[in-house]
There are 2 protein chains.
Amino acid sequence: MARVVVDVMLKPEILDPQGQAVADALPRLGVDNVTSVRIGRRIELVFDGTPDAGKARQIADRLLANPVIEDYTVRVEETL
Amino acid sequence: MARVVVDVMLKPEILDPQGQAVADALPRLGVDNVTSVRIGRRIELVFDGTPDAGKARQIADRLLANPVIEDYTVRVEETL
């Protein structure tokens with residue numbers, strides 16, 4: 001079986017307060033060598049039949065991501 | 001440069017209302033061949049120096065994921 005994975009991340013120039021909060025918490029866990037944390041979304045789409053990356057790209061652009069502030073990547077991923 | 005990517009997804013047996021809402025909206029976009037949508041988080045950790053997947057796994061387990069209801073995967077990803 002295969003599925004299409006859409007990764008949506010804030011554009012690099014957009015502040016990510018959620019990631020910053022995690023980064024600020026890491027020293028309390030004894031981790032002091034992480035310089036950046038960014039948090040985005042991972043969306044898994046399972047198609048009936050052959051996975052369709054082009055269709056997934058349309059879905060991402062219209063429904064899953066906000067292209068003004070977010071970048072997304074689309075890829076087909078094989079599963080067991 | 002390399003970074004560690006942590007993908008956090010709800011376990012398959014846990015309901016995902018957010019993904020279900022997207023799946024329910026797809027027919028209105030003219031997409032009728034998607035059978036499942038699951039939405040999780042993608043976290044990118046940039047380390048000072050060599051990326052440390054083992055350390056990232058500890059961070060994921062203690063801070064990024066809820067192991068009761070979520071599964072996570074950790075991998076090192078090369079960037080340009």
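The following exchange goes through a predicted model of two chains, A and B, and asks what its labels rest on.

User: What makes Asp7(B) count as buried or exposed?

Analyst: Asp7(B) has a relative accessible area of 3%. Buried means under 20%, so Asp7(B) is called buried. The residue is found in strand E1 (residues 2-10) of chain B.

User: Which side chains make polar contacts with the side chain of Asp7(B)?

Analyst: One is Arg42(A), at 3.1 Å. Another is Arg75(B), at 2.5 Å. A polar contact needs a pair of N or O atoms within 3.5 Å, and both distances meet that limit, so both pairs are called polar contacts. Beyond four places in sequence, Asp7(B) also touches Arg41(B), Arg42(B), Asp71(B), Tyr72(B) and Thr73(B).

User: What else does the side chain of Arg42(A) join by a polar contact?

Analyst: Glu77(A), with a polar contact of 2.9 Å between the two side chains. Glu77(A) has its place in strand E3 (residues 70-78) of chain A. The side chain of Glu77(A) also makes a polar contact with that of Arg75(A), at 3.3 Å, which is within the 3.5 Å limit. Leaving aside neighbours within four places in sequence, Glu77(A) is in contact with Ala2(A), Arg3(A), Val5(A) and Arg42(A).

User: What makes E3(A) an edge strand?

Analyst: The sheet is open and has 6 strands, in the order E3(A)-E1(A)-E2(A)-E2(B)-E1(B)-E3(B), with antiparallel pairing. E3 of chain A and E3 (70-78) of chain B each pair on one side only, and they are the edge strands. The twist averages 25° from one strand to the next.

User: How do you know that E2(A) and E2(B) pair?

Analyst: Pairing takes at least two bridges between the strands. E2(A) and E2(B) are joined by 13 bridges and run antiparallel, so they pair. As an example of residues placed across from each other, Ser36(A) stands opposite Val46(B) in E2(B).

User: How many bridges join E1(A) to E3(A) and to E2(A)?

Analyst: E1(A) has 9 bridges to E3(A) and 5 to E2(A). With at least two needed, E1(A) pairs with both, therefore, and both pairings are antiparallel. Leu10(A) has Glu70(A) as its bridge partner in E3(A), and Val4(A) has Leu45(A) in E2(A).

User: Why is E1(A) called largely enclosed?

Analyst: Because 8 of the 9 residues of E1(A) are buried, the strand is described as largely enclosed by the rest of the structure.

User: Why are the buried residues of H2(A) said to be on the same side?

Analyst: The buried residues are Ala56(A), Ile59(A), Ala60(A) and Leu64(A). They cover an arc of only 105° around the axis, which puts them on the same side of H2(A). The general background is that an α-helix has 3.6 residues a turn, so residues three or four places apart point the same way.

User: What do these buried residues of H2(A) pack against?

Analyst: In chain A they pack against strands E1 (2-10), E2 (34-47) and E3. In chain B they pack against helix H1 (17-25) and strand E2 (34-47). H2(A) lies across E1, E2 and E3 of chain A together with E2 of chain B, at about 150° to E3(A).

User: What span would a straight helix of 12 residues have, and what does H2 of chain A have?

Analyst: A straight helix of 12 residues would span 16 Å at 1.5 Å a residue. H2 (residues 53-64) of chain A spans only 14 Å between its end C-alpha atoms.

User: Which residue caps the N-terminal end of H2(A)?

Analyst: Asp52(A) does, with a side-chain oxygen 3.1 Å from the backbone nitrogen of Gly54(A).

User: Why do Ala60(A) and Asp61(A) get separate labels?

Analyst: Ala60(A) is at 0% relative accessibility, so it counts as buried. Asp61(A) has a relative accessible area of 38%. Partly exposed lies between 20% and 50%, so Asp61(A) is called partly exposed.

User: What do Ala60(A) and Asp61(A) contact beyond four places in sequence?

Analyst: Ala60(A) is in contact with Val6(A), Ala65(A) and Tyr72(A). Asp61(A) is in contact with Pro67(A) and Tyr72(A). Asp61(A) and Tyr72(A) are 11 residues apart in sequence and 8.3 Å apart in space, C-alpha to C-alpha.

Methods:
Residues numbered from 1 in each chain as written. Chains lettered and ligands numbered in written order. Predicted model: local features only at pLDDT ≥ 70, side-chain atom pairs only at ≥ 80, totals over all residues. Heavy atoms only, no water. Helix = DSSP H or I, 4+ residues; strand = E, 2+ residues; numbered from the N terminus. Polar contact = N/O pair within 3.5 Å; in protein donor to acceptor, adjacent residues only side chain to side chain. Contact = heavy atoms within 4.5 Å. Expected span 1.5 Å × (residues − 1). Buried < 20%, exposed > 50% of the residue type's maximum accessible area, 1.4 Å probe, protein only. Arc of directions from axis to C-beta. Axes fitted to C-alpha atoms, helices over the stretch in contact; angles between N-to-C directions.
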